[in-house]
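Let's take a walk through this structure together. Keep the sequence and the 3D view side by side as you read.

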Amino acid sequence: MTEGKHSAYEAAGVQIEKGYEAVERMKKHIQRTNRPEVMSQVGGFGGLFDLSNHKDGQPILVSGTDGVGTKIILAQQSKTYDTIGIDCVAMCVNDVLAQGAEPLFFLDYLAVGQNDPQTVEAIVSGVAQGCVEAGAALIGGETAEMPDVYGKEDFDLAGFCVGIVDRKKMLDKTKVEAGHVLVGIPSSGIHSNGFSLVRKVFFKDNDWQYDQLLEDGKSLIDHLLTPTRIYVNDLLPLLKRGLIKGLAHITGGGFPENLPRMFDETTLTAHVDTSKWQPHPIFSLIQELGNVSSDDMYQVFNMGIGMIAAVAKEDVETVCQHIPDAVVIGVMSQKVDDKDLILTMEESN
């Protein structure tokens with residue numbers, strides 16, 4: 001490509017040389033995520049992944065895609081770029097995990113208003129860190145510079161994950177039965193849902209600042225940008241042993257929308273006792289400052305429980321020993337009435 005063509009494109013707002021630099025900066029982060037099945041290097045037209053050594057009887061590929069919602073605005077405004085990629089990976093791999101699948105590989109899509117190689121590197125370093133935590137290879141992606149779509153410092157991030165599971169071990173609604181115990185696995189905080197309400201409560205309605213200190217001594221922005229917990233290391237060994245009958249990833253829609261996704265809501269009811277765990281203080285602060293009802297809080301946020309597992313009663317102790325911070329929060333029962341409420345929440349005195 002000639003220098004003249006470079007100049008013409010740069011005059012239109014696209015910085016080709018900085019794009020090349022950004023790719024070079026990414027490579028060392030991508031290399032940390034490699035798995036033996038990866039066949040391709042960065043720069044090809046597609047990522048290659050060899051499945052020939054997977055000997056599952058009936059292997060099923062499970063895919064998931066997601067972004068991080070308006071949490072990304074806080075990352076942009078606070079210029080905190082190295083954690084939002086973990087969120088992106090977590091949102092995808094946790095969904096794949098909820099089907100019983102092991103995450104295999106991940107691809108990311110990063111759109112920017114102006115290509116700043118250091119910023120791009122920081123964002124992708126977070127993606128790579130998330131992939132390392134999930135055991136997934138980062139085998140490709142796209143960085144698109146779109147100056148007429150985004151402001152100079154604006155960006156958006158989305159991802160795509162593929163996992164694998166033996167058909168016999170795949171989780172579906174038929175596996176969860178009455179009598180199964182509900183085991184909650186704590187979240188790391190708000191995760192990546194509900195941030196439109198979060199931003200309204202803290203910044204539009206109450207004029208809080210990012211550096212406002214909370215009672216624990218951490219700043220507000222540190223709490224808000226705490227990365228989403230990745231549950232692969234917690235749950236994959238238990239899934240391979242058949243100790244998990246169902247999983248619900250508590251994301252957008254909170255408990256009422258996500259918990260019924262793991263069982264047959266026409267015949268079963270999930271009973272959850274919210275007194276069994278203490279939600280993160282950040283949730284109480286949101287509820288108080290925003291005058292948000294408890295029903296709305298549980299419909300928007302994870303309230304301190306990021307994943308819920310359905311477990312046979314005889315396996316609960318084993319599961320809780322493997323995941324030290326897991327807590328029994330409820331039980332599945334036969335549905336005995338025609339009420340619309342699938343999730344029953346009981347607060348003990």
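We start with the whole chain and then turn to two of its helices.

What you see is a predicted model. The chain holds 12 helices and 10 strands. Of its 349 residues, 51% count as buried. If you look at contacts between residues at least 6 apart in sequence, 84% of them join residues at least 24 apart. As for the outside, the chain exposes about 16,700 Å², and 49% of that area is supplied by carbon and sulfur atoms.

Now find helix 10, which spans residues 281-290. Which of its residues are buried? They are I282, F283, L285 and I286. These four sit on the same side of helix 10, because they cover an arc of only 160 degrees around the axis. Turn to the other side of helix 10 and you meet P281 and E288, both exposed.

What do the buried residues of helix 10 pack against? Their partners are helix 6 (195-204), helix 7 (220-224) and helix 11 (294-300). Once you reach the end of helix 10, have a look at N291, which follows it with a positive phi, near 50 degrees.

Helix 8 is our next stop, covering residues 232-240. Its buried residues are V232, L235, L236, L238 and L239, along with the aspartate D234. Just after helix 8 comes G242, where phi is positive at about 75 degrees. So that you can compare the two places in your viewer, select N291 after helix 10 and G242 after helix 8.

Notes
Residues numbered from 1 in each chain as written. Predicted model: local features only at pLDDT ≥ 70, side-chain atom pairs only at ≥ 80, totals over all residues. Heavy atoms only, no water. Buried < 20%, exposed > 50% of the residue type's maximum accessible area, 1.4 Å probe, protein only. Contact = heavy atoms within 4.5 Å. Areas by Shrake-Rupley, 256 points an atom, 1.4 Å probe, with all protein chains shown as cover. Arc of directions from axis to C-beta.
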